[in-house]
There are 2 protein chains.
Amino acid sequence: MREEHVVEMDETIANYLSNEDIVYEATQIFDALSDYTRFQILSSLCVGSRSVSELKDLCHVTQSAISHQLRLLRDRGLVFARRDGQRVIYSLADEHVATLMRVGLEHAAEAVSVEGE
Amino acid sequence: MREEHVVEMDETIANYLSNEDIVYEATQIFDALSDYTRFQILSSLCVGSRSVSELKDLCHVTQSAISHQLRLLRDRGLVFARRDGQRVIYSLADEHVATLMRVGLEHAAEAVSVEGE
DNA sequence: CTAATATATGAGCATCTGTTCATATTTTCA
DNA sequence: TGAAAATATGAACAGATGCTCATATATTAG
């Protein structure tokens with residue numbers, strides 16, 4: 001038997017929903033998390049700062065692909081970069097990203113286990 | 001001065017990250033929330049069940065566009081449908097969606113207000 | 001049964017996206 | 001100064017996406 005999930009939205013959230021700019025901005029952060037490569041980058045940065053080449057090794061894509069994705073994340077204010085010699089070190093710039101990933105992963109873990117059985 | 005956000009990931013989350021299927025599934029729920037129309041549909045369903053035509057009026061797109069998006073959301077297990085006469089009533093099928101939207105909107109409200117000043 | 005209403009779906013299309021390739025830029029080291 | 005290492009960027013392209021249009025399906029009312 002399926003359950004319906006109806007949720008109380010407090011007034012603040014309801015106000016956000018009536019603001020087009022805020023809703024659009026919300027879709028943008030979800031978009032950032034919707035790509036496999038970017039998700040890997042961001043989850044890695046949740047643990048600590050990483051250079052571009054470290055991220056490249058971690059994500060198994062070319063250096064160019066990583067740099068392009070990092071630019072997108074920079075433009076959206078989700079990461080920031082500092083130079084350290086030849087390296088450029090990226091860090092998480094937004095505290096909400098980790099929360100979102102945690103909830104998204106919890107959902108996913110349930111979804112995958114349900115599908116498996 | 002910018003702050004770095006480094007977050008302790010508990011072991012369970014770290015395990016999720018090493019599971020490709022779970023990570024992919026996580027990107028899929030973020031993808032669902034990354035489109036303006038779908039975000040409106042889901043936020044509306046957070047408040048309560050809605051028929052297709054109610055959702056259509058709310059989102060200012062064609063009935064066809066709504067139905068296509070509802071199919072995507074159904075296929076991903078985020079909403080479910082029950083028939084009531086001529087109408088089909090959609091409801092939220094996943095409790096995590098509301099949490100994600102709340103956090104995403106909080107992030108967005110900050111981002112928009114920072115950009116405004 | 002027939003018309004009307006509500007919803008679903010397939011095809012087609014314009015746009016967006018993520019990647020690769022080639023090349024530019026920046027920094028270090030000899 | 002010149003080569004090597006690390007990163008950034010623009011162009012190009014294949015594939016994905018979200019929409020509209022036309023049409024199919026399902027339910028109810030007359």
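These are my notebook entries on a predicted model with protein chains A and B and DNA strands C and D.

**Conventions.** I number residues from 1 along each chain as its sequence is written, and letter chains from A and number ligands from 1 in the order in which they are written. Because the model is predicted, local features need pLDDT of at least 70 and side-chain atom pairs count only at pLDDT 80 or more, while totals for chains, interfaces and linings use all residues; side-chain values use heavy atoms, with hydrogens and water left out.

**Entry 1: the sheet of chain B.** I looked up the strands, taken as DSSP runs of E with at least two residues (helices are runs of H or I with at least four), numbered from the N terminus. Chain B has an open sheet of 3 strands in the order 1-3-2, with antiparallel pairing. Strand 1 (50-51) and strand 2 (79-84) each have a single partner strand, so one side of each is left without a neighbour in the sheet.

I then went through the pairs (strands pair if DSSP finds at least two bridges between them). Strands 2 and 3 (residues 87-92) of chain B are joined antiparallel by 6 bridges. Phe80(B) is opposite Ser91(B), and Asp84(B) has Arg87(B) as its bridge partner. These two strands form a hairpin with 2 residues between them, and Gly85(B) in the turn has a positive phi of about 70°. Strand 1 runs antiparallel to strand 3 with 2 bridges; Arg50(B) is the bridge partner of Tyr90(B) there.

Helix 5 (residues 63-75) of chain B lies across strands 2 and 3, at about 120° to strand 2. The angle is taken between N-to-C directions, from 0 to 180 degrees, with axes fitted to C-alpha atoms, for helices over the stretch in contact.

**Entry 2: how the copies relate.** I checked the superposition, done by least squares on C-alpha atoms of residues with pLDDT of at least 70 in both copies. A rotation of 180° with 0.0 Å of shift along its axis puts chain B on chain A, RMSD 0.0 Å. The two copies are thus related as by a two-fold rotation axis. In chain B the C-alpha nearest the axis belongs to Phe30(B), at 2.5 Å. Of the interface residues of chain B, 100% are also interface residues in chain A, so the copies meet through the same surface (contact means heavy atoms within 4.5 Å).

**Entry 3: DNA strand D.** I counted a residue as near if one of its heavy atoms lies within 4 Å. Strand D is surrounded by 24 residues, the closest being Gln63(A), Ser64(A), Tyr90(A), Ser64(B) and Gln69(B). Sugar and phosphate make up 64% of the atoms of strand D within 4 Å of the protein.

Next came polar contacts, N or O pairs within 3.5 Å. A polar side-chain atom of Ser64(B) is 2.6 Å from a base nitrogen of DNA strand D. Phosphate oxygens of this strand lie 3.0 Å from a polar side-chain atom of Arg38(B) and 2.8 Å from one of Gln69(B). Helix 5 of chain A gives the largest share of the surface near strand D, 6 residues.

**Entry 4: DNA strand C.** Here too 24 residues surround the strand, with Ser64(A), Gln69(A), Gln63(B), Ser64(B) and Tyr90(B) closest. Sugar and phosphate account for 63% of the strand C atoms within 4 Å of the protein. Side-chain N or O atoms reach phosphate oxygens of strand C from Thr37(A) at 2.9 Å and from Arg71(B) at 3.5 Å. Helix 5 of chain B gives the largest share of the surface near strand C, 6 residues.

Methods. A polar contact is a pair of N or O atoms within 3.5 Å; within protein, one must be able to donate a hydrogen and the other to accept it, and residues adjacent in sequence count only if both atoms are side-chain atoms.
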